[in-house]
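Subject: Structure handover and notes

Hello,

Here is the structure for you to look through. My notes on what was found in it follow below.

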Amino acid sequence: MNRIKNSFEILYSEEAKGYTMVFFAGILWGTIGLFSKSLSEMGASASFIGFIRLFIGSLILLPIIFRMGGLKMFKIDKESIRHCLLLGVFSQALFNYCYNTAIAQVGVATAAVLLYTSPIFVFIMSVIFFKEAIAKRKIIALILNIFGCFLVVTGGNISSLNISFMGVFLGVAAGFLYSLVTIIGKIASGRVHPFVIVFYSFLFGWMTLGIIVRPWEQIALYSSPEFWAYSFGFGLIPTVGSYLLYMGGLSKVTEISRVPVIASVETVAATLIGVFIFKENLGIVNSLGIVVLILSIRVMNSRDKLSDLVSEGI
C-alpha cells in the first residue's frame, strides 16, 4: 500500500509537473524547423528569422501579461532586470548569431552536434552554482544523450561533419549560450513570474539582434499573408509556448542537470516532423539514435523514483 501511495505522490508532485512541462517544451521546440524552413524558403535570412521570432513572441506576450495583472506585472526589481538582460542578450541574441554563423561555416549537422554540448555545460554549472551531486546516472545519461543526438543528426556518418576552427568555436559557444537559459532562468524564476521573465528576455533579445540584423532594411520585402501567418505561428508555438513551459518547469524543479536531457526530446520531435511533413529519410541509425535519446531521459529520471520506493521498504 505504501508503495502505491508513494508512487502517486512522486507522479503528481510539483517536481514531476516541472519535468513534464520541460518535456513538452522540448516537443514544442521540435517544431522550430517546420517554421524556420518555411520562412527560409520564402527568402528570409536566418538572422531575420531569429529577430522576427523574438519580436512577435514579445508582442504575443504583451496582452497576456497585461490581462493577468495589468501594468504592475511589468514592474520588476533591478536584479531581475539584469537576469532578463543576460538571458536576452546572451541566450537569445548572441546564441542565435553564433548558431546561425556556425551553420554557415560548418553546416547544419556539425553545428547541431556542437549545440548538443549544452547539457555538459548545464551539468558543470549546476554542480558549481547549485551544489548538485555528481551521480553516475547523470554521467551515463549525458553520454547516452550526446551519443543519441549525434546518431539522430548524422545517421552515424562522420564524413557528414565539416570541421573548421572558427565554426567549431562558434558551435560550442552556441551550446554554452544555450545552456545559460537553464542556469539563469532557474535563478530568475524564484523572483519573477515566468511569463514576465520570458517577455523581457525576448524584448532584450530582439533589441540586440535588431542592431546586428537591421530588420528595417528587410521587413518591407515580406508582405505576403502566408509569411506573416508562419511568423505568427513561429512566435507562438516554439517560442512563447515552449519558453513559458520551460521557465514554468524550471521554477518547480530542484535538479537542474536533468532539465536539458529531458528537453532533448526536441530532437526526436524535429526528426519525426522532418519524416512525416518534409518526407525526409529516417535510417536505421537515426532510429537507433531516437531510442538512445529516449533511454537517456529514462536513465536521468530513474534513480529518484527507485530510491524513494526503496526508502518505503520495498
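Which residues make a nonpolar surface patch of about 370 Å²? They are I120, I124, I128 and F129. Before you go looking for them, note that this is a predicted model.

One member of that patch can serve as an example. I124 lies in helix α7, which covers residues 118–130. Its relative accessibility is 42%, so I124 counts as partly exposed, since that class runs between 20% and 50%.

Now the overall picture. The protein has 15 helices and zero strands. Its C-alpha atoms fill a box of roughly 65 × 55 × 35 Å along the principal axes. For 314 residues, a compact globule would have a radius of gyration near 20 Å, and the protein agrees with this because its own value is 20 Å.

Two further values describe the inside and the outside. Of the 314 residues, 51% are buried. The accessible surface comes to about 15,100 Å², and 70% of this belongs to carbon and sulfur atoms.

Contacts can also be sorted by distance along the sequence. Take the contacts between residues at least 6 apart in sequence: 89% of them join residues at least 24 apart.

Next, the charged pairs. Side chains of opposite charge can pair when their charged atoms come close. How many salt bridges does the structure hold? There are eight, and three of the pairs are described here.

The first pair to look at is E14 with K17, where the closest N and O atoms are 3.3 Å apart. Both residues sit in helix α2 (residues 14–29), and because they are three residues apart there, about one helical turn separates E14 from K17. E14 has a relative accessible area of 41%, so it is partly exposed. K17 is partly exposed too, with a value of 40%.

Another salt bridge joins E132 and K138, with 3.0 Å between the closest N and O atoms. Are these two residues buried or exposed? Both E132 and K138 are buried.

The side chains of E255 and R258 also meet in a salt bridge, at 3.3 Å from N to O. E255 counts as buried because its relative accessibility is 12%, which is under the 20% limit. R258 is buried as well, with a relative accessible area of 6%. Salt bridges with shared partners connect E132, R137, K138, E255 and R258 into one network. When you display that network, start from the E132 and K138 pair and then add the E255 and R258 pair.

The last residue in these notes is N286. It is found in helix α14, which spans residues 284–300. With a relative accessibility of 15%, N286 counts as buried. What does N286 touch, leaving aside residues up to four places away in sequence? Its contacts are L151, V152 and G155. For L151 there is a further detail: its backbone oxygen lies 3.4 Å from a polar atom of the N286 side chain.

To check these notes against the model, you could begin with the patch made by I120, I124, I128 and F129, go on to the salt bridge between E14 and K17, and finish with N286 and its contacts L151, V152 and G155.

Regards

Methods
Residues are numbered from 1 along each chain as its sequence is written. This is a predicted model: local features need pLDDT of at least 70, side-chain atom pairs count only at pLDDT 80 or more; totals for chains, interfaces and linings use all residues. Side-chain values use heavy atoms; hydrogens and water are left out. Patches are made of residues with over 30% relative accessible area and no salt bridge: like charges are joined within 9 Å, nonpolar side chains (Val, Leu, Ile, Met, Phe, Trp, Tyr) within 5 Å. Accessible areas come from the Shrake-Rupley method with a 1.4 Å probe; for residues, only the protein chains shown count as cover. A salt bridge is a side-chain nitrogen of Lys or Arg within 4 Å of a carboxyl oxygen of Asp or Glu. Helices (H or I, at least four residues) and strands (E, at least two) are DSSP runs, numbered from the N terminus. Buried means under 20% relative accessible area, exposed over 50%, partly exposed in between (1.4 Å probe, protein chains only). A polar contact is a pair of N or O atoms within 3.5 Å; within protein, one must be able to donate a hydrogen and the other to accept it, and residues adjacent in sequence count only if both atoms are side-chain atoms. Contact means heavy atoms within 4.5 Å. The radius of gyration is taken over C-alpha atoms; the globule rule is 2.2 Å times the number of residues to the power 0.38.
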